[in-house]
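Please read the following account with the sequence and the 3D view side by side. It goes from strands to loops, and then to pockets and cavities.

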Amino acid sequence: MTMLTEKEMIDIQTFIDMQIGRAAALDLQVKIDDDLEKWRKLMSSAPGTVGASRTLDPLLNDIRPGNSFWMQLVDNKGETIACMAHRFIETENFVEEYIATHRFFGNRCPSLRHYPVKFVESVPVLRGRINFGGGGWVHPDWRQNGLAGFLSRTSRILALRHFLIDYYIGFIMATPNRRQYGHHRQGLLNRRQLLTGMYPGRDGNQDMDIYWMHRGEMMNQIYADMAQELDDVAPLTMRTA
C-alpha cells in the first residue's frame, strides 16, 4: 500500500474544499454515507432511475461500511437530488478475477450457471487497491447542471484518499454519446470496450466499456481542475468537462 505524501493530502483537501464551495453556490450540500443499503433504497424509488446495479447492490455483494460509501448532493429542503456510489476491492487482476468469473455482479452466493465471458478488447492488468464507482443518478429537475461530472470527480478523489487506491474503475454503456459523457463529463481517461451483447450488471443485452485511471492521473486531473478554477471562475452549470 502506497501512502499519499503530505503535499498530496493537502492538495486533495484543497480540491474537495473547492468542490464543496461550488456546490454551495447552487445551494447544495455534499454529504457522505457508508451505508449502501440507503443508496439501494433510493435507486429503487427515485425518479429517472432503472434501479440498483448488481455491481453495487449490498444484497448481492460483500458490500458493507468500511469497503464502500456513497456521495450525495442535498438541496435546501434536505432532499437528495444526486448521488454516486463506490466500492473497494483488492485484486491481482480485476478483469480476470471479478469480471470473467461474474463475481463482481454478485459474490455472496455461488452461481449454478457460469459460462465463459468473451471480452471485446484486451484490458491491461489492473491490480492492487481498486475502487469501482457507479450508481450515479441526478434528479431530472437538476440535469444539465454538470452534477454527474461533479460527483464523479469529487467522489473519485475522496476514494483515492480514503482507500489509498491504485486505480479507479467504472463501467459505461458503449455508445458514441456515452463515450463523450465518460470522457468529457466524468473526466475518465482510459477506455476499452469490454463486453458486447450482454452485461451481467443489468438485465438485457448491452454493450459495455470499462474506464480506468491510475492514482497519478487522478492527482494530475485535480491539479488541472484547480488551475482552471483560478483562471476561469465559472458557475457549476458550465463546468462539465
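Two strands pair if DSSP finds at least two bridges between them. Helices (H or I, at least four residues) and strands (E, at least two) are DSSP runs, numbered from the N terminus. The model is a predicted one, in which local features need pLDDT of at least 70 and side-chain atom pairs count only at pLDDT 80 or more, while totals for chains, interfaces and linings use all residues. Residues are numbered from 1 along each chain as its sequence is written, and side-chain values use heavy atoms, with hydrogens and water left out.

Start with strand 2, which spans residues 68-74. Strand 1 (residues 29-33) runs antiparallel to strand 2, and five bridges join them. Strand 2 also pairs with strand 3 in the antiparallel sense, over seven bridges. Gln72 gives a point of reference for both pairings: Lys31 stands opposite Gln72, and Gln72 stands opposite Cys83 in strand 3. Strand 2 and strand 3 form a hairpin with five residues between the strands, and in this hairpin Gly78 has a positive phi near 85°.

How is strand 2 covered on its two faces? Here buried means under 20% relative accessible area, exposed means over 50%, and partly exposed lies in between (1.4 Å probe, protein chains only). Seven of the seven residues of strand 2 are buried. Ser68, Trp70, Gln72 and Val74 are on one side, Phe69, Met71 and Leu73 are on the other, and both sides are covered.

Two loop residues have a positive phi without being glycine. Gln144 has a phi of about 70° and sits in the loop between strand 4 and helix 4. Leu164 has a phi of about 55° and is found in the loop between helix 4 and strand 5. Is each of them buried or exposed? Gln144 counts as exposed because its relative accessibility is 65%. Leu164 has a relative accessible area of 11%, so it counts as buried.

Further along the chain, Asn190 belongs to strand 6 (residues 190-195). Contact means heavy atoms within 4.5 Å. Leaving out residues up to four places away in sequence, Asn190 touches Ile210, Tyr211, Trp212, Met213 and Glu217. With two of these, polar atoms of Asn190 come into play. A polar contact is a pair of N or O atoms within 3.5 Å; within protein, one must be able to donate a hydrogen and the other to accept it, and residues adjacent in sequence count only if both atoms are side-chain atoms. The side chains of Asn190 and Glu217 are joined by a polar contact of 3.0 Å. A polar atom of the Asn190 side chain also lies 2.8 Å from the backbone oxygen of Trp212.

Gln206 lies in the loop between strand 6 and strand 7 (208-214). Not counting residues up to four places away in sequence, Gln206 touches Met173, Leu195, Thr196, Gly197, Met198 and Tyr199.

Next come the open and closed spaces. On a 1 Å grid over the protein atoms alone, a cavity is a set of points where a 1.4 Å probe fits but cannot get out, and a pocket is an open set with protein on both sides within 12 Å along at least five of seven lines; lining residues have an atom within 4 Å of a point. Grid points are joined across faces, edges and corners, and a volume is the space filled by probe spheres set on the points.

The largest pocket holds about 1000 Å³ of space. It is lined by 41 residues, and Gly135, Gly136, Trp137, Arg178 and Tyr181 are the closest to its centre. Strand 4 (128-138) is among the elements that supply at least two lining residues, and with seven residues strand 4 gives the largest share. The second largest pocket holds about 410 Å³. Of its 20 lining residues, His102, Phe105, Gly106, Ser111 and Arg113 lie nearest its centre.

Two cavities of 30 Å³ or more are counted. The second largest has a volume of about 40 Å³. Its lining consists of Phe15, Arg153, Arg156, Ile157, Met218, Gln221, Ile222 and Asp225. Helix 4 (147-163) and helix 6 (215-231) each supply at least two of these residues, and helix 6 provides the largest share, four residues.
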